[in-house]
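Please look over the sequence and the model below. The text after them goes from the surface to the interior and then to two loop residues.

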Amino acid sequence: MTLQAPLRPGTTKTGSIRSVDADKTTGRRGGRSNWPVTVLLVICALSVLVPLYVTVTMAFKTSGQAVDGNAFSLPAPFSVDGFVQAWQLTDFPRAFSVSVFVAAITVVGTILLASFTAYAIARNWDRRFFRWSFFYLLAAMFLPFPVLALSQVKLTGMAGLDNPIGVAILHVMFQLSFSVLLFTAFLRSIPAELEESARIDGASTGQVFWRLVFPLLAPMSATVGIFAFLASWNDFVMPSLITSNPALQTLPVLQQMFQTQFSNNYNVSFASYLMAMAPAIIVYLVTQRWVMAGVTQGAIK
């Protein structure tokens with residue numbers, strides 16, 4: 001008959017020592033909420049949801065309801081007159097087309113140019129030129145457009161780019177620094193052995209990038225594209241200063257009229273704001289998982 005020694009407190013059957021205090025601490029943490037953080041998150045959520053609620057309700061009110069001083073009341077009766085007037089005043093189809101054109105060029109140009117640059121930097125990091133080029137791009141992040149506005153306006157005018165194409169090019173340039181940072185961090189996680197094996201098979205640098213590396217950059221490309229789209233779609237300062245033809249202005253610029261001659265038409269103003277921000281909200285809601293996944297992978301790897 002074999003006698004088993006009694007287990008010591010905090011010791012498992014396999015012989016490993018378990019910290020009783022750690023178990024108690026883990027149990028307490030798992031069963032108790034962090035109320036300060038919860039309250040902070042609720043406040044942050046309300047700071048976004050409350051203005052959005054006011055925007056939606058005001059957009060569907062009549063002109064009389066919009067000026068009754070009760071912004072939180074529901075529309076009664078429900079009216080779409082604000083959307084009809086906003087559609088006509090802003091020439092919404094044309095302005096929407098210009099905004100989509102600028103955003104599309106910005107997204108495609110940012111993804112391509114940033115991925116090219118990041119690939120060259122990541123694979124030639126030991127060379128001083130590429131390493132200092134990366135630091136130069138990082139330093140450019142601290143130069144916002146308003147600081148360089150006067151020079152950019154003069155240069156685009158001299159080059160004949162005082163139009164939506166010029167705005168899109170500048171959007172790509174000002175998105176390049178942050179996008180290269182994300183791509184470079186992601187590229188460092190891709191093993192160089194994959195590229196070496198492709199080169200042994202006779203692939204050129206261009207073939208290695210397009211057939212091997214660029215498909216692997218899909219998560220980060222989605223993240224960069226989403227950030228570029230939101231920055232381009234919501235931009236007001238750059239199009240208003242660069243584009244000389246008022247008929248080619250983007251939606252955020254045309255909505256300035258609701259702060260001047262139509263400042264009292266609250267239902268029309270909020271209807272226009274809602275139509276303009278709806279595409280950005282839809283794009284972000286559909287693609288937010290790629291944003292979080294891409295940023296997390298780039299940060300960890």
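In which helix is the place of Ile105? Ile105 sits in helix α5. The model is a predicted one, and what follows should be read with that in mind. Ile105 is partly exposed, because its relative accessible area is 31% and partly exposed covers the range between under 20%, which is buried, and over 50%, which is exposed.

Ile105 also belongs to a nonpolar patch on the surface, of about 820 Å². Its partners in that patch are Phe101, Val108, Leu112, Leu113, Phe116, Ile165, Ile169, Met173 and Trp210. Two elements, α5 (92–123) and α8 (164–187), give two or more residues each to the patch. The largest share comes from α5, with 6 residues.

Now to the interior. The largest nonpolar core has 45 residues. Within this core, the residues that touch the most other members are Phe83, Val180, Phe183, Leu187, Val213, Leu217 and Phe229. At least two residues of the core are supplied by each of α4 (81–89), α5, α6 (128–140), α8, α10 (205–216), α11, α13 and α14 (266–300). Helix α5 again gives the largest share, here 10 residues. Helix α5 therefore has the largest share both of the surface patch and of this core, while Ile105 itself is partly exposed at 31% relative accessible area.

Val213 can serve as an example from the core. Leaving aside residues up to four places away in sequence, Val213 touches Tyr119, Leu187, Glu195 and Val208. Apart from the largest core lies another one, of 9 residues, which include Val102, Val167, Ala168 and Ile242.

Two loop residues remain. Asp235 lies in the loop between α11 (218–233) and α12 (237–242). Is Asp235 buried or exposed, and which side chain of opposite charge is nearest? Asp235 is buried but has no salt bridge, and the nearest side chain of opposite charge, that of Arg94, is 16 Å away. Beyond residues up to four places away in sequence, the contacts of Asp235 are His171, Thr250 and Pro252.

Leu248 is in the loop between α12 and α13 (251–254). Its relative accessible area of 33% is why Leu248 counts as partly exposed. Not counting residues up to four places away in sequence, Leu248 touches Arg94, Val98, Pro164 and Thr243. Of these, Pro164 is 84 residues from Leu248 in sequence, yet the two C-alpha atoms are 6.9 Å apart in space.

Conventions
Residues numbered from 1 in each chain as written. Predicted model: local features only at pLDDT ≥ 70, side-chain atom pairs only at ≥ 80, totals over all residues. Heavy atoms only, no water. Patch = residues over 30% accessible without salt bridge, like charges linked within 9 Å, V, L, I, M, F, W, Y side chains within 5 Å. Areas by Shrake-Rupley, 256 points an atom, 1.4 Å probe, with all protein chains shown as cover. Salt bridge = Lys/Arg side-chain N within 4 Å of Asp/Glu carboxyl O. Helix = DSSP H or I, 4+ residues; strand = E, 2+ residues; numbered from the N terminus. Buried < 20%, exposed > 50% of the residue type's maximum accessible area, 1.4 Å probe, protein only. Lys, Arg positive; Asp, Glu negative; His and termini not counted. Contact = heavy atoms within 4.5 Å. Core = buried A, V, L, I, M, F, W, Y, C linked by side-chain atoms within 4.5 Å.
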